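Biologist: I would like to learn how to read a model of this kind, one feature at a time. Could you take me through it, giving the general idea before the particular case?

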Amino acid sequence: MNKIEFPFIKVPAEARRIVGEPTPGTRLYRREGTHEECGEWFEAVGKMFGGDVGLSPGGVTMYVPVSRAAVHKRLKEGRLTGFTFYVTSEETTFLGKKRKAKERPYIVLSVSECKAWAEEMKRRLGYEDEPKSESEAEGADDFVEKDPKDKGNKAVVYKDPMSREDIVMLVKETARAVVKETLEKLALKKRRK
């Protein structure tokens with residue numbers, strides 16, 4: 001019986017400056033940076049792979065009837081190519097130490113690989129890609145959401161992305177501070193005259 005090779009997308013070495021480095025033993029590439037760099041990364045990855053990359057883990061169900069945990073498990077096992085981008089910032093702890101704060105990553109996958117996965121499942125009817133236990137599912141989710149190289153590093157903390165309400169509040173607070181500062185400067189100028 002002939003073994004069918006899985007048609008992984010080709011990730012050239014020169015692409016790593018854009019997609020980042022893969023976690024050893026996997027095809028999950030990790031990159032980090034600012035919000036602005038994240039948008040640039042997403043567009044560059046889409047262009048680099050001719051629009052084949054851009055599918056979210058939740059979107060895989062359009063092609064393969066599996067859970068998000070099954071997608072994460074396949075990424076962890078090196079059986080699916082994925083690209084992650086962690087938006088990072090620097091924060092100061094209560095004790096005044098600086099540390100890197102990472103949000104949950106944006107993840108994009110290959111449409112062609114998900115279609116191939118669907119075909120593989122049809123050929124191997126009865127094969128189970130779903131995690132066998134809750135702890136296996138949690139382990140797969142944790143692997144995708146947190147870079148293993150950060151494990152035990154107290155200078156890195158993972159945070160949930162800001163909610164829409166938090167962003168609106170931050171913009172309002174910033175606008176108030178700018179208006180207040182401008183008015184104070186104008187009042188100071190007026191007093192000097």
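Biologist: How many positive and negative side chains does the protein chain have, and how far apart do the centres of the two sets lie?

Modeller: Please keep in mind that this is a predicted model. For charge, one counts the side chains of each sign and then compares the centres of the two sets. In the protein chain there are 39 positive and 33 negative side chains, and their centres are 6 Å apart.

Biologist: Which secondary-structure elements should I expect along the protein chain, and in what pattern?

Modeller: The general idea is to count the elements and then to read their order. The protein chain contains six helices and seven strands, and along the sequence they follow the pattern α-β-β-α-β-α-β-β-β-α-α-β-α.

Biologist: What does the radius of gyration of the protein chain look like beside that of a compact globule?

Modeller: Here one sets the value for the chain against a rule for globules. For 193 residues a compact globule would have a radius of gyration near 16 Å, whereas the protein chain has 22 Å. Along the principal axes, the C-alpha atoms of the protein chain fill a box of roughly 90 × 35 × 30 Å.

Biologist: How should I read burial and contacts for the protein chain as a whole?

Modeller: Burial is read from accessible area, and contacts are sorted by separation along the sequence. Buried residues make up 36% of the 193 residues, and the protein chain exposes about 12,800 Å², of which carbon and sulfur atoms supply 56%. Among the contacts with a separation of 6 or more, 73% are between residues 24 or more positions apart.

Biologist: How many aromatic pairs are there, and why is the pair of phenylalanine 49 and phenylalanine 83 put in its class?

Modeller: A ring pair is read from the distance between centres and the angle between planes, and the count here comes to five aromatic pairs. The rings of phenylalanine 49 and phenylalanine 83 have centres 5.3 Å apart and planes at 35 degrees, so this pair is tilted. Because phenylalanine 49 lies in the loop between helix 2 (35-48) and strand 3 (53-55), and phenylalanine 83 in strand 4 (residues 82-92), the pair ties together parts that are 34 residues apart in sequence. Phenylalanine 49 and phenylalanine 83 are both buried, and ring pairs link Tyr29, Phe49 and Phe83 into a cluster.

Biologist: What about the rings of tyrosine 86 and tyrosine 158?

Modeller: Their centres are 6.0 Å apart and their planes stand at 70 degrees, so the pair of tyrosine 86 and tyrosine 158 is edge-to-face. Since tyrosine 86 lies in strand 4 and tyrosine 158 in strand 7 (residues 156-159), the pair ties together parts that are 72 residues apart in sequence. Tyrosine 86, with a relative accessible area of 1%, is buried, while tyrosine 158, at 22% relative accessibility, counts as partly exposed.

Biologist: Is threonine 84 buried or exposed, and which residues does threonine 84 touch?

Modeller: For a single residue, one reads its element, its accessibility and its neighbours together. Threonine 84 lies in strand 4 and is buried, with a relative accessible area of 0%. Leaving aside residues up to four places away in sequence, threonine 84 touches Leu28, Tyr29, Arg30, Arg31, Trp41, Pro105, Tyr106 and Ile107.

Biologist: Where is valine 71 found, and what does valine 71 touch?

Modeller: Valine 71 is found in helix 3 (residues 68-76) and is buried, with a relative accessible area of 0%. Not counting residues up to four places away in sequence, its contacts are Pro57, Val60, Val66, Leu80, Leu109 and Trp117.

Conventions: Residues are numbered from 1 along each chain as its sequence is written. This is a predicted model: local features need pLDDT of at least 70, side-chain atom pairs count only at pLDDT 80 or more; totals for chains, interfaces and linings use all residues. Side-chain values use heavy atoms; hydrogens and water are left out. Helices (H or I, at least four residues) and strands (E, at least two) are DSSP runs, numbered from the N terminus. The radius of gyration is taken over C-alpha atoms; the globule rule is 2.2 Å times the number of residues to the power 0.38. Buried means under 20% relative accessible area, exposed over 50%, partly exposed in between (1.4 Å probe, protein chains only). Contact means heavy atoms within 4.5 Å. Accessible areas come from the Shrake-Rupley method with a 1.4 Å probe; for residues, only the protein chains shown count as cover. Lys and Arg count as positive and Asp and Glu as negative; His and the chain ends are not counted. The place of a charge is taken as NZ of Lys, CZ of Arg, CG of Asp or CD of Glu. Rings of Phe, Tyr and Trp (its six-membered ring) pair if their centres lie within 6.5 Å; planes under 30 degrees apart count as stacked, over 60 as edge-to-face and the rest as tilted.
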